[in-house]
Structure formats: structure tokens, C-alpha cells
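Visitor: I'm new to this one and would like a close look at a single part. Could you pick one strand and follow it outwards to its surroundings?

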Amino acid sequence: MKQITAIFQPHRLEQVEQALHAMPHLPGFTLHAARGHARGHGTEHRFDVDEWNPDAHEKLVLIMFCADALAAPLVDAITQAAHTGQIGDGMVAVTELVDLVRIRTGERGDAAV
């Protein structure tokens with residue numbers, strides 16, 4: 001099982017949702033509004049005061065859990081839908097899950113996805 005965490009521009013939400021809903025199996029996802037500090041663009045990626053204000057960087061964070069076989073297609077769908085080619089498009093991380101429990105039913109592991 002995998003956890004996919006994507007951070008992307010809020011104005012790309014509709015495209016990301018459409019791409020995910022077009023998938024043959026969508027395990028569901030959760031969205032959070034977020035604010036963040038970008039990687040610095042100064043010397044050695046340090047923040048320089050002449051750069052834009054990182055406090056103004058609004059993002060969305062999408063979290064989903066899925067079976068191993070679904071991770072790559074889901075990441076591709078999110079990446080393509082969130083891409084604008086501009087600085088700040090975001091990131092997608094995939095991590096291994098040790099266990100997952102669906103609270104309502106008690107299902108565990110792949111059955112809970």
C-alpha cells in the first residue's frame with residue numbers, strides 16, 4: 001500500500017479532480033488548504049529578502065491511500081493535471097504504508113483501500 005501526498009496550486013484543483021475522477025479506480029482523497037515556504041532561490045537555496053514573500057504561497061495538499069499497482073498511474077494523473085510549467089507547481093510524494101484501518105468496518109491493509 002502507498003500514501004500519495006501532493007502539494008499543488010489551488011487554481012489547478014479542477015484539473016486535478018477531473019484527472020482523478022477519470023481514473024478507472026479512484027480510492028478517494030482528502031484535501032487541505034496550506035501555506036508554505038518555497039525552497040529558496042538564493043545562494044545554496046537560501047531565502048533572500050529580495051525574493052517574493054513565501055508567506056503568501058497558498059497551496060492545496062491532497063492525501064490518498066492506494067494499492068501499490070495504482071500509485072504510478074495516480075501520480076502521473078496528478079502531475080500532468082497540476083503542471084503549468086511555472087515555479088511553484090508543487091510536488092508529489094509516494095510513501096510506503098505499513099498498515100491502514102478503515103474505522104467504520106475494521107478492514108485492514110489492501111481491503112481498507
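Let's take β1: in β3, which residue is the bridge partner of Phe8?

Guide: That would be Leu60, which is the bridge partner of Phe8 in β3. Before we go on, you should know that this is a predicted model, where local features need pLDDT of at least 70, side-chain atom pairs count only at pLDDT 80 or more, and totals for chains, interfaces and linings use all residues. Residues are numbered from 1 along each chain as its sequence is written, and side-chain values use heavy atoms, with hydrogens and water left out.

First, the overall layout. The protein has two helices and four strands, and along the sequence they follow the pattern β-α-β-β-α-β. Those names come from DSSP runs numbered from the N terminus: helices are H or I with at least four residues, strands are E with at least two.

Now to β1 itself. Its side chains take turns: Lys2, Ile4, Ala6 and Phe8 point to one face and are buried (under 20% relative accessible area, with exposed meaning over 50% and partly exposed in between, using a 1.4 Å probe and protein chains only). Gln3, Thr5 and Ile7 point to the other face and are not buried. There's a general pattern here: in a regular strand the side chains alternate between the two faces of the sheet.

On one side, β1 pairs with β3 in the antiparallel sense over seven bridges. Two strands count as paired if DSSP finds at least two bridges between them. On the other side, seven bridges join β1 to β4, and these two run antiparallel as well. In that pairing, Ile4 stands opposite Val94 in β4.

Step back a little and you get the open sheet: four strands in the order β2-β3-β1-β4, with antiparallel pairing. The edges are β2 (30-36) and β4 (90-96), each with a single partner strand, so one side of each has no neighbour in the sheet. Ignoring direction, neighbouring strands are turned by 20° against each other on average.

What about β3, the strand next to β1? It covers residues 57-66 and is joined to β2 by seven bridges, again antiparallel. Ala34 has Lys59 as its bridge partner in β3, while Arg35 stands opposite Glu58. This strand is mostly covered, with seven of its 10 residues buried.

The helices come next. Helix α1 (residues 13-21) packs on the sheet and touches β1 (2-8), β2 and β3; contact here means heavy atoms within 4.5 Å. The direction of α1 makes about 10° with that of β3. Helix α2 (residues 68-82) also packs on the sheet, touching β1, β3 and β4, and its direction makes about 5° with that of β1. So β1 is touched by α1 and by α2. For these angles, axes are lines fitted to C-alpha atoms, for helices over the stretch in contact, and the angles run from 0 to 180 degrees between N-to-C directions.

How do the two helices sit against each other? Their axes come within 8 Å and cross at roughly 150°. That makes α1 roughly antiparallel to α2, a label for angles over 145 degrees (under 35 is roughly parallel, 65 to 115 roughly perpendicular, and the rest oblique). From α1, Gln15, Val16, Ala19 and Leu20 meet Leu74, Ala77, Ile78, Ala81 and Ala82 of α2. By class, this contact has eight nonpolar, one polar and no charged residues. Here Ala, Val, Leu, Ile, Met, Phe, Trp, Tyr, Cys and Pro count as nonpolar, Asp, Glu, Lys and Arg as charged, and the others, Gly among them, as polar.

One last stop in α1 is Glu17. Its relative accessibility is 27%, so Glu17 counts as partly exposed. Setting aside neighbours within four places in sequence, Glu17 is in contact with Phe29 and Leu31. The C-alpha atoms of Glu17 and Ile78 are 8.5 Å apart, although 61 residues separate the two along the chain.
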